[in-house]
Amino acid sequence: MSLIAVVDIDHPDLALTPTIRSTDASIQVVSHTATDPETGMFFFLVESDSFPTFEAALERDHTVEESMLVAEASSTRIYRLRHTPGTKLVSPTTTEMGGLMLEAESTDTGWSIRMQLPDRETLGTLWEYCDREEIEFEIDHIYSLDEFSVDDGVGLTDAQRDALLTAYEAGYFEEPRGTSLQELADDLGISPTAVGGRIRRGTSRLIERTLLEDE
């Protein structure tokens with residue numbers, strides 16, 4: 001039975017981890033390129049209040065062999081990156097096992113990934129691979145595609161859940177708003193851009209897992 005797994009992974013040599021740990025940028029893998037183990041090129045959507053700081057971190061990042069800016073807006077840019085040979089990647093192994101990397105979003109220290117996998121055995125095999133590679137592998141949520149959920153979660157990452165709850169409790173969704181992105185950013189210890197991205201993606205996930213599934 002096909003399932004969706006939301007997993008947090010962490011290792012100093014995982015792609016872009018040094019940059020993630022040294023900046024407040026919010027980074028998301030552009031999903032249709034993340035499962036292609038042949039090209040060696042990966043695309044990342046980055047939200048940041050200071051792209052010079054982010055790009056300086058890229059220059060120091062030992063997992064990045066080369067990078068290129070391919071699109072930009074005021075607070076969002078897309079970069080194309082090639083990783084160094086020693087970089088640890090989970091997406092190619094997921095693809096080889098018959099899985100599909102649906103989403104990968106940076107956390108404070110690593111990545112939160114959402115995968116579609118053929119069955120629980122595949123999830124176990126992926127865990128064993130990460131264990132051999134000394135990659136921390138923490139399962140957040142699992143649910144099957146027949147809409148039977150094996151937990152009470154709705155597929156949010158911890159970062160998205162924290163941002164949504166903090167925003168709700170502070171009155172961010174009220175009219176008029178009881179707080180601002182800057183105030184939420186101060187509470188969460190991240191940038192306003194990162195807060196806005198987590199709220200937006202978390203809200204999208206809630207709609208996907210509730211309203212759309214009900215239909």
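The following legends describe close-up views of a predicted model of a single chain.

**Figure 1. Overall composition of the predicted chain.** The secondary structure comprises eight helices and eight strands. The chain has 215 residues, and buried residues make up 48% of them. Among contacts with a separation of 6 or more, 63% are between residues 24 or more positions apart.

**Figure 2. The largest pocket and its lining.** The volume of the largest pocket is about 280 Å³. Its lining consists of 17 residues, and those nearest the centre of the pocket are D8, T107, D108, D158 and A159. Two or more lining residues come from each of β1 (3-10), β8 (136-144) and α6 (158-169). Helix α6 gives the largest share, with four residues. By class, the lining of the largest pocket divides into eight charged, six nonpolar and three polar residues.

**Figure 3. The largest cavity.** Two cavities of 30 Å³ or more are found in the model. The largest cavity holds about 180 Å³ of space. It is lined by 16 residues, of which A15, V29, L89, V90 and S91 are the closest to its centre. The elements β3 (41-47), β6 (100-106) and β7 each give two or more residues to this lining. The lining of the largest cavity contains 13 nonpolar residues, two polar residues and one charged residue.

**Figure 4. The second largest cavity.** This cavity encloses about 30 Å³ of space. Its lining is formed by E103, A104, E105, S112, I113, R114, T157 and R205. Strands β6 and β7 each supply at least two of the lining residues. Four residues of the lining of the second largest cavity are charged, two are polar and two are nonpolar.

**Figure 5. Nonpolar cores, with I27 as a member of the largest.** In soluble globular proteins, nonpolar side chains tend to be buried together. The largest nonpolar core in this model has 33 residues. Those that touch the most other members are I9, L16, I27, F44, V90, W111 and I113. A second, separate core comprises 11 residues, including L156, L184, V195 and I199. When neighbours within four places in sequence are left aside, the contacts of I27 are L16, I20, F44, L45, V46, F54, A104, E105, S106 and W111. Residue V90, listed here for its contacts within the largest core, is also among the residues closest to the centre of the largest cavity. Residue I113, likewise listed for the largest core, takes part in the lining of the second largest cavity.

**Figure 6. Environment of T17 in helix α1.** Residue T17 is located in helix α1. T17 counts as buried because its relative accessible area is 0%, below the 20% limit for that class. With neighbours within four places in sequence left aside, T17 is in contact with H11, P12, D61, T109 and W111. Of these contacts, W111 is also a contact of I27.

**Figure 7. Polar contacts of T23 in the loop after α1.** Residue T23 belongs to the loop between α1 (17-22) and β2 (26-29). Its relative accessibility is 13%, so T23 is classed as buried. The side chain of T23 reaches two backbone atoms, namely the oxygen of T19 at 3.0 Å and the nitrogen of A25 at 3.4 Å. Not counting residues up to four places away in sequence, T23 touches T53, F54 and A57. F54, a contact of T23, is in contact with I27 as well.

**Figure 8. Residue Q116 in strand β7 and its partners A5 and S2.** Strand β7 spans residues 111-117 and contains Q116. The relative accessibility of Q116 is 27%, and Q116 is therefore partly exposed. The C-alpha atom of Q116 is separated by 6.5 Å from that of A5, although the two residues are 111 residues apart along the chain. The side chains of Q116 and S2 make a polar contact at 3.5 Å. Strand β7, in which Q116 lies, also supplies lining residues to the largest cavity and to the second largest cavity.

Conventions: Residues are numbered from 1 along each chain as its sequence is written. This is a predicted model: local features need pLDDT of at least 70, side-chain atom pairs count only at pLDDT 80 or more; totals for chains, interfaces and linings use all residues. Side-chain values use heavy atoms; hydrogens and water are left out. On a 1 Å grid over the protein atoms alone, a cavity is a set of points where a 1.4 Å probe fits but cannot get out, and a pocket is an open set with protein on both sides within 12 Å along at least five of seven lines; lining residues have an atom within 4 Å of a point. Grid points are joined across faces, edges and corners, and a volume is the space filled by probe spheres set on the points. Ala, Val, Leu, Ile, Met, Phe, Trp, Tyr, Cys and Pro count as nonpolar, Asp, Glu, Lys and Arg as charged, and the others, Gly among them, as polar. Buried means under 20% relative accessible area, exposed over 50%, partly exposed in between (1.4 Å probe, protein chains only). A polar contact is a pair of N or O atoms within 3.5 Å; within protein, one must be able to donate a hydrogen and the other to accept it, and residues adjacent in sequence count only if both atoms are side-chain atoms. Contact means heavy atoms within 4.5 Å. A nonpolar core is a set of buried Ala, Val, Leu, Ile, Met, Phe, Trp, Tyr and Cys residues joined through side-chain atoms within 4.5 Å.
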